[in-house]
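Please open the model in your viewer and keep the selection tool at hand. The stops below go from the surface to the interior and end with the chain as a whole.

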Amino acid sequence: MHALIEVVTEIDAASDVVFGLELDMDVHAASLAASGETATTSTGRRRVELGDEVTFRARHFGRVWRMTSRITAYEPPRRFTDEQVRGPFRALRHEHLFDDLGGGRTRMTDRMAVSAPLGPVGFLVTRVLLAPYLRRLLQQRAAHVKRLAEA
């Protein structure tokens, strides 16, 4: 049992520009600065690639959380996927999709599937609390990337 969250953002910038911003861990951290987000890569590079792992640390719900994700799919500038390898969720898979709309415009889609531990209780918490919260974080990140790409 998982929740599916999808956020679609149209951006007045080329898909390779938007794709590059989404891979940049400094951009990621800045987009969620209010939570004290940090993103540490396994390679030391700030821009991730296939196979790289990133450990995120941030304060949410009054508690500091850590999660490590691995880039499991990578097709520049069309899509990449990261999946939790260690962290608080039973599973988390985040697809980043970039559609070239022509005329220097891009449709960026964040598609996240998330499930929590604890069976039916975890599913209820995911539906009622976690999924809406994650949707707001994805919308916040997308707005930040849009501002940077269109500047």
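Is leucine 124 buried or exposed? Select leucine 124 in helix H3 (residues 119–150), where helices (H or I, at least four residues) and strands (E, at least two) are DSSP runs numbered from the N terminus. Leucine 124 is exposed, with a relative accessible area of 54%; buried means under 20% relative accessible area, exposed over 50%, and partly exposed in between (1.4 Å probe, protein chains only). Before going further, note that this is a predicted model, in which local features need pLDDT of at least 70 and side-chain atom pairs count only at pLDDT 80 or more, while totals for chains, interfaces and linings use all residues. Residues are numbered from 1 along each chain as its sequence is written, and side-chain values use heavy atoms, with hydrogens and water left out.

Next, extend the selection to Phe61, Leu118, Val121, Val125, Val128 and Leu129, which together with Leu124 form a nonpolar surface patch with about 710 Å² of accessible area. Accessible areas come from the Shrake-Rupley method with a 1.4 Å probe, and for residues only the protein chains shown count as cover. Such a patch is made of residues with over 30% relative accessible area and no salt bridge, nonpolar side chains (Val, Leu, Ile, Met, Phe, Trp, Tyr) being joined within 5 Å and like charges within 9 Å; a salt bridge is a side-chain nitrogen of Lys or Arg within 4 Å of a carboxyl oxygen of Asp or Glu.

Stay with phenylalanine 61, in the loop between strand E3 (53–60) and E4. Phenylalanine 61 is partly exposed at 45% relative accessible area, and its phi is positive, about 55°, although it is not a glycine. Then move to proline 77, in the loop between strand E4 (63–75) and strand E5 (79–86), where a cis peptide bond with omega of about -10° joins proline 76 and proline 77.

For the interior, select Ile5, Ile11, Val18, Met108, Val114, Leu134 and Val145, which touch the most other members among the 34 residues of the largest nonpolar core. A core here is a set of buried Ala, Val, Leu, Ile, Met, Phe, Trp, Tyr and Cys residues joined through side-chain atoms within 4.5 Å. H3 gives the most to this core, with nine residues. Centre on valine 18: leaving aside its neighbours within four places in sequence, its contacts (heavy atoms within 4.5 Å) include Phe98, Met108 and Val145.

Finally, zoom out to the whole chain, which has three helices and seven strands, and of whose 151 residues 44% count as buried.
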